[in-house]
Amino acid sequence: MKRQPDFLQNLRAEFADGRQWVDRGVVIVFAVLAGLSIVGFTLLADATFGLYLAGRSALWWAPLVWTPAMTALIVWAVRRWAPGIAGSGVPQVLVALAPETPLASRGSFASLRLSLLKILGVSGSLLAGLSVGRQGPSVQIGAGVMLAARRWLSPNSGISARELLVAGGAVGLAAAFNTPLGGIVFAIEELSRKLQDRSSGLMLAAIVVGGLVSVSAFGSLSYFGRVKADNLTWWNLIGPALVVSALAGLLGGLMSRLLLASFTGLPDRFCAYRRKRPVAFAAACGFVVAVIAVVTEGDAVGIGHHHTHALLAADGKLEQPPFVFTGLKFLASWISSWAGVPMGMFGPSLSIGAGLGADVAWLFGSPHTAALIALGMCGFLAGVTQTPITAMIIVMEMTDGHSMVLSLITCALLASGISRMISRPLYSSMAALMSARLR
């Protein structure tokens, strides 16, 4: 029978070696730095998109020239100097975490240099007026910052590069969404299913500390306010909720499949042209997104949070005909990704899901529009990423939707299950392709 731990002996052992406390302090300091990097990234991203909106307001036709030119410039610069920052950032972290990835190659997927360039690249994509998010890139940014702590740790710290990457990626997501619990769940569900017992507590503490940096900077209020669902019952929502879940799963699976097809390349004339002239192809993608921006007056580009705020504030009253915004935002997000710029899909997914929820509420004439918007956000995010628990926790924290926990998790599981019948898991499939190319 295993002996019970000796408290006094363990206490003496804890304080006997001062170096382990230095190592713990180093991890916490870098967790704070990772959180601060995401705070700075958020402010810069909002400022650059604000500049785009100001230019679009001054000259309605400006995006038709500006967006293609800026998109081509970004893709040219990324391909020339930092191919590791293209796309979301989550697959890059998964490749860096893979045991088969050589230690010397991890710097090609996560490092301080790539974190800085990722911040500039995504901010440039928002300045261009593309439909991109910043939450997925925040995972790569946080992982790169935390990985830099490795050089300051003692050889006997017991903290591996893998654990630093997991903690940094989770800090990035937690700080980007202002949801510390969401970061922890993402670390378990997507980044790593196993942490060493001896350091798991320290890694979780680092995730919480990094997430709290964002809370300290932006406040602890829910990102989208509080969803009004006090008098809501499952029975008066079941019909519209099932439709939202099914449509979110179908569209989320379709988006995931399109993103994978764009990433791998298909034997068609568009992908052939992209392989031959990637910069010109990026300019063409930018022009398509610019046309969508002109048609929607800027609503369907950027991260999309401003449109989601407007929908919730107006209780889902649609400025465009139903399903128009949802379809155009879907198209703009896919085309932006296909261009090859640094971007994320978390933010656009929430925006598309919010539009879908409002569309279904209009279709059924439901008085519970805000609740259906929250379900749409949760369902579409779960459909694209196929991480239902993470999607549920993120939306619950961003909308203060604790009274909707059962509805949110049911919607996320249904949407994720439907998506799995349409597409392979997005991030792990991209990571597998990156690993194959590396080998």
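Is Trp81 buried or exposed? In this predicted model, Trp81 is exposed, because its relative accessible area is 51% and the category begins over 50%. Trp76 has a relative accessibility of 39%, so this residue counts as partly exposed.

These two tryptophans also belong to the aromatic pairs, of which the structure holds nine. The ring centres of Trp76 and Trp81 lie 5.2 Å apart, and their planes meet at 80°; the pair is therefore edge-to-face, since planes over 60 degrees apart are placed in that class.

Aromatic residues occur in other arrangements as well. One aromatic cluster is formed by Phe177, Phe186, Phe346 and Tyr427. Elsewhere, a ring is matched with a charge: the charged end of Arg437 sits over the ring of Phe263, at 4.8 Å from the centre of that ring.

The surface offers a further feature to examine. Leu59, Trp60, Trp61 and Val65 form a nonpolar patch there, and together they have about 450 Å² of accessible area. Within this patch, Trp61 is placed in the loop between helix H2 (18–58) and helix H3 (62–81). Trp61 has a relative accessible area of 42% and is thus partly exposed.

Attention may now turn to Val185, which is found in helix H8, comprising residues 180–191. Val185 has a relative accessible area of 16% and is therefore buried, as the limit for that term is under 20%. Which residues does Val185 touch, not counting residues up to four places away in sequence? The contacts are with Ile389, Thr390 and Ile393. Val185 and Ile389 are 204 residues apart along the chain, yet 7.2 Å separates their C-alpha atoms.

The backbone deserves attention too. Most residues other than glycine have a negative phi. Phe323 has a positive phi, near 70°, and is not a glycine. Phe323 lies in the loop between helix H13 (305–313) and helix H14 (324–339). With a relative accessible area of 35%, Phe323 is partly exposed.

Gln386 is another non-glycine residue with a positive phi, in this case near 55°. Where is Gln386 placed? Gln386 is in the loop between helix H16 (369–385) and helix H17 (388–399). Because its relative accessibility is 5%, Gln386 counts as buried.

Technical notes. Residues numbered from 1 in each chain as written. Predicted model: local features only at pLDDT ≥ 70, side-chain atom pairs only at ≥ 80, totals over all residues. Heavy atoms only, no water. Phe/Tyr/Trp six-rings, centres within 6.5 Å; stacked < 30°, edge-to-face > 60°. Buried < 20%, exposed > 50% of the residue type's maximum accessible area, 1.4 Å probe, protein only. Lys NZ or Arg CZ within 6 Å of the ring centre and 35° of its normal. Patch = residues over 30% accessible without salt bridge, like charges linked within 9 Å, V, L, I, M, F, W, Y side chains within 5 Å. Areas by Shrake-Rupley, 256 points an atom, 1.4 Å probe, with all protein chains shown as cover. Salt bridge = Lys/Arg side-chain N within 4 Å of Asp/Glu carboxyl O. Helix = DSSP H or I, 4+ residues; strand = E, 2+ residues; numbered from the N terminus. Contact = heavy atoms within 4.5 Å.
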